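Dear colleague,

Please find below the structure that I am handing over to you, with its sequence. My findings follow directly after it.

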Amino acid sequence: MMRSSFRVLSSPLNMQRAMKSSAVQPSEVVEALDRWGKGLVAISQAKATGGDYVSLAKRIIEQNYAYDISTVLFKPTLASQIMFRGTFEGALSYFVANNPQKFPEDGGFALNPWTKVGFDTTGIITGENHAIVMGNKLLTNNVNQVTVANFTMGFIRVPGTGELKINLHHSSLPYSPAK
């Protein structure tokens, strides 16, 4: 479920840039988040139905992350031994657990039985060819349990195509104070 409750943080300079055709619009960020969420669900469904989820995950990572054109800063939700995944190989292992020798902690985050991903954003900052968004990911599984993960994602506009790809992705579970 995509929630439309977000606020755009902008300065007069960002407002001037918004007038240009290359300025990222908040609606583009919402579309990119939706594409990422649908990709995660597609990988999960491919695994559940015996499909080629590894090949699908490769395509979805290529479609959503900027590993082919930029440095990508990726801190997955459930990574503690190798906490940062700055390579395509590291991201793929996190999502589908296909490289246990190099990434033994990976259980395949995308292989969970996800059925829906929504975002409750707290803010979107846009600029010339880039954007940053922060909020909560709401991941629903096949028994209707919702997992909340805090996230920050940065996007850059791909030269030539104009699409947005992720160059920053930090995700963590919400803080739970000891009782």
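Strands, as named here, are DSSP runs of E with at least two residues, and they are numbered from the N terminus. Please note that this is a predicted model.

**Strands β3, β4 and β5**

In that numbering, V148 belongs to strand β5. Is V148 buried, partly exposed or exposed? Because partly exposed covers the range between 20% and 50%, V148, with a relative accessible area of 32%, is partly exposed. Apart from neighbours within four places in sequence, V148 contacts N136, K137, L138, L173 and P174. The C-alpha atom of V148 is separated by 9.9 Å from that of D120, and the two residues are 28 residues apart along the chain.

D120, in turn, has N136 of β4 opposite it. Strands β3 and β4 run antiparallel and are joined by 12 bridges. They form a hairpin with two residues between the strands, and in its turn N129 has a positive phi of about 65 degrees. Strand β4 also runs antiparallel to β5, with 11 bridges joining the two. Within this pairing, I132 stands opposite G154 of β5. The hairpin of β4 and β5 has four residues between its strands, and N144 takes a positive phi near 65 degrees there.

**Helix α2 and the nonpolar core**

Helix α2 comprises residues 26-48. How far apart should the ends of α2 be, given 23 residues at 1.5 Å a residue? The expected span is 33 Å, and the end C-alpha atoms are 33 Å apart, so the model agrees with the expectation. After α2 comes G50, whose phi is positive, near 80 degrees.

The buried residues of α2 are P26, V29, A32, L33, W36, G37, G39, L40, V41, I43, S44 and A46. An α-helix has 3.6 residues a turn, so residues three or four places apart point the same way. The series V29, A32, L33, W36, L40 and I43, among the buried residues of α2, may be read with that in mind.

Nonpolar side chains tend to be buried together in soluble globular proteins. In this model, the largest nonpolar core has 40 residues, of which V29, W36, L40, Y65, F95 and F155 touch the most other members. Two or more residues of this core come from each of α2, α3 (53-64), α4 (88-96), β3 (114-127), β4 (130-141), β5 (146-157) and β6 (164-172). Which element gives the most to this core? It is α2, with eight residues. L40 contacts F95, F109, A110, W114, V117 and L139, when neighbours within four places in sequence are left aside.

**Salt bridges**

How many salt bridges does a search of the whole structure find? The search finds six; three of the pairs are described here.

E28 and R157 meet through their side chains in a salt bridge, at 2.9 Å from N to O. This pair links distant parts of the chain, with E28 in helix α2 and R157 in strand β5, 129 residues apart. The cut-off for buried is under 20% relative accessible area, which means that a residue just above it is not buried. E28 therefore counts as partly exposed at 21% relative accessibility, whereas R157, at 15%, counts as buried.

The side chains of K165 and D68 also meet in a salt bridge, at 3.2 Å from N to O. K165 lies in strand β6 and D68 in the loop between α3 and β2 (73-75), 97 residues apart. K165 is buried, with a relative accessible area of 6%, while D68 counts as exposed at 57% relative accessibility.

The third pair is R85 and D106, whose closest N and O atoms are 2.8 Å apart. R85 is in the loop between β2 and α4, and D106 is in the loop between α4 and β3, 21 residues apart. Both R85 and D106 are buried. Salt bridges with shared partners join R85, E105 and D106 into one network.

**The surroundings of R85**

R85 counts as buried because its relative accessibility is 1%. A polar atom of the R85 side chain lies 3.0 Å from the backbone oxygen of G90. Not counting residues up to four places away in sequence, R85 touches Y67, V72, F74, P76, A79, G90, A91, S93, Y94, F103, E105 and D106.

With kind regards

Terms used
Residues numbered from 1 in each chain as written. Predicted model: local features only at pLDDT ≥ 70, side-chain atom pairs only at ≥ 80, totals over all residues. Heavy atoms only, no water. Expected span 1.5 Å × (residues − 1). Buried < 20%, exposed > 50% of the residue type's maximum accessible area, 1.4 Å probe, protein only. Core = buried A, V, L, I, M, F, W, Y, C linked by side-chain atoms within 4.5 Å. Contact = heavy atoms within 4.5 Å. Salt bridge = Lys/Arg side-chain N within 4 Å of Asp/Glu carboxyl O. Pairing = 2+ DSSP bridges. Polar contact = N/O pair within 3.5 Å; in protein donor to acceptor, adjacent residues only side chain to side chain.
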